[in-house]
Amino acid sequence: MDSRFFDIESSFALGQIAMLVNGTLSDEAKKDLVITNLGSLESSNESSVIYLALGNATSALLNKSGEYKEKLKAIKAGACLIRAENVELLPPSIVAVVVDDPKASFIKLTNVFYKDKALQMKGISSQAFIDDSVKFANKESVHIGPFAVIEEGVEIGENCYIASGAKVKAGVKMGNGCVIKENAVISHTIMGNNVKIGEGSCIGGDGFGWHSGSFGHMWVPQLGRVILEDNVEVGINSSIDRGAIDDTVIGSGTKIDNIIQIGHNCKIGKNCILAAMSGVAGSTILEDWVLIGAAAGVSGHLRIGAGSQVGAGAGVIQNLPPKSVVSGYPAQPVSDFLKQAAMLRRMVKKKKID
């Protein structure tokens with residue numbers, strides 16, 4: 001990691017690392033081993049911790065792979081985060097840190113070892129505009145960058161970061177630990193804790209509301225809000241429209257990628273994931289744990305059942321029951337989509353032969 005961009009913790013004892021991830025060491029005598037960095041299978045040294053996450057693969061299966069066994073023997077790491085059933089794969093020189101979820105544990109350690117320097121900044125720039133009515137939970141804990149604008153009646157929680165050029169409009173409420181990146185615009189929005197908004201995103205803008213008739217198109221005032229629950233993250237250049245009357249709600253833990261549109265009055269459940277360039281039209285409900293693939297679209301006024309998966313580029317035009325897995329346009333069960341694609345290939349191939 002480049003120290004120009006990250007504050008790097010110098011070292012931890014291996015025993016400390018095991019405690020941080022609720023793991024156990026295969027060799028307690030090595031608990032004082034000094035760990036200075038995190039590494040990978042390809043790049044590590046005796047002071048590194050790596051992880052080995054094998055998914056559904058078994059130790060017995062991997063033991064049959066001579067190539068993989070040789071690769072493991074070449075690892076120079078001091079310790080490895082690994083599940084108990086796979087410890088036998090490691091060479092004796094590497095201390096196993098036995099955990100239930102190696103990758104999750106590794107991610108936790110990255111947040112301990114490396115901290116984005118920009119987000120560690122505190123203090124309010126003299127070049128920021130902050131209305132006198134703005135309320136701070138703890139002004140000393142906040143960073144507000146140059147040319148940021150904070151309008152009247154805004155409430156800002158502890159340890160918030162508002163970057164240069166961001167605009168937080170009147171009445172917005174932010175919980176603790178929120179991050180608003182450069183040139184984002186926030187209006188008509190209530191945020192929970194640890195909400196992150198990427199560069200250039202617009203949260204709480206007007207929904208696309210029109211009443212059409214012989215007179216043309218009449219604008220429908222958008223009177224609702226956007227509610228972002230705890231731990232919601234929104235990527236770069238994305239847009240979430242406020243509700244027309246009822247609120248647009250994004251459930252806790254949901255992650256929204258770059259260049260995404262969410263229409264007014266949508267209700268997005270908890271722990272959903274929306275990949276880049278996807279969109280959800282107004283008044284649609286995504287229940288909890290729904291995954292939307294890149295460049296997929298979901299029509300308005302639909303309900304997508306909990307745990308459903310929508311493939312990249314799919315177009316959903318009807319309700320989906322829970323745990324649906326769909327692809328194609330119009331979206332259909334992925335098994336049907338694959339059969340149709342195979343049939344089409346055979347027809348084309350036959351046509352060329354004829």
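This passage describes the overall make-up, the nonpolar cores, selected residue environments and the aromatic pairs of a predicted model.

The protein comprises 5 helices and 42 strands, and its C-alpha trace extends over about 80 × 75 × 35 Å along the principal axes. Of the 354 residues in the protein, 42% are buried. The accessible surface amounts to about 18,600 Å², and carbon and sulfur atoms account for 55% of this area. Among the charged side chains, 35 are positive and 36 are negative, with a distance of 8 Å between the centres of the two sets. When contacts with a sequence separation of 6 or more are considered, 24% of them join residues that are 24 or more positions apart.

The largest nonpolar core contains 49 residues, and the members that touch the most other members are I156, I162, M174, I197, L228 and L274. For I197, the contacts beyond its neighbours within four places in sequence are formed with V179, I180, K181, A184, I186, M191, I203, L228 and V234; L228 thus appears both in this contact list and among the core members just named. Separate from this core is a second one of 18 residues, which includes L14, I35, V99 and Y114.

The surroundings of I256 were examined in the same manner. I256 belongs to strand 30, which covers residues 255–256, and its relative accessibility of 5% lies under the 20% cut-off, so that I256 counts as buried. With neighbours up to four places away in sequence left aside, the residues in contact with I256 are E233, V234, G235, S238, I240, I250, I262 and L274. One of these, V234, is also in contact with I197, while L274 is one of the residues of the largest nonpolar core that touch the most other members. I256 is separated from W289 by 33 residues in sequence, and the C-alpha atoms of I256 and W289 are 13 Å apart in space.

A further strand residue, Q332, is located in strand 42, which spans residues 332–333. The relative accessible area of Q332 is 17%, and because this value is under 20%, Q332 is classed as buried. Outside the range of four places in sequence, Q332 touches V325, V326, S327, F337 and Q340.

Aromatic pairs number 5 in the structure. In one of them, F12 and F113 are arranged edge-to-face, with 5.1 Å from centre to centre and an angle of 65 degrees between the planes. This pair connects distant parts of the chain, since F12 lies in strand 2 (residues 12–13) and F113 in helix 4 (residues 102–113), at a separation of 101 residues. F12 and F113 are both buried, and together with Y114 they make up one aromatic cluster; Y114 is also included in the second nonpolar core.

A second edge-to-face pair is formed by F208 and W210, whose ring centres are 6.4 Å apart, within the 6.5 Å cut-off, and whose planes meet at 70 degrees, over the 60 degrees required, so the pair is assigned to this class. F208 has a relative accessibility of 70% and therefore counts as exposed, the cut-off being over 50%. W210, by contrast, has a relative accessible area of 44% and is therefore partly exposed, as this value falls between 20% and 50%. The two edge-to-face pairs described here thus differ in their setting, because F12 and F113 are buried, whereas F208 is exposed and W210 is partly exposed.

Terms used: Residues are numbered from 1 along each chain as its sequence is written. Side-chain values use heavy atoms; hydrogens and water are left out. Rings of Phe, Tyr and Trp (its six-membered ring) pair if their centres lie within 6.5 Å; planes under 30 degrees apart count as stacked, over 60 as edge-to-face and the rest as tilted. Helices (H or I, at least four residues) and strands (E, at least two) are DSSP runs, numbered from the N terminus. Buried means under 20% relative accessible area, exposed over 50%, partly exposed in between (1.4 Å probe, protein chains only). Contact means heavy atoms within 4.5 Å. Accessible areas come from the Shrake-Rupley method with a 1.4 Å probe; for residues, only the protein chains shown count as cover. Lys and Arg count as positive and Asp and Glu as negative; His and the chain ends are not counted. The place of a charge is taken as NZ of Lys, CZ of Arg, CG of Asp or CD of Glu. A nonpolar core is a set of buried Ala, Val, Leu, Ile, Met, Phe, Trp, Tyr and Cys residues joined through side-chain atoms within 4.5 Å.
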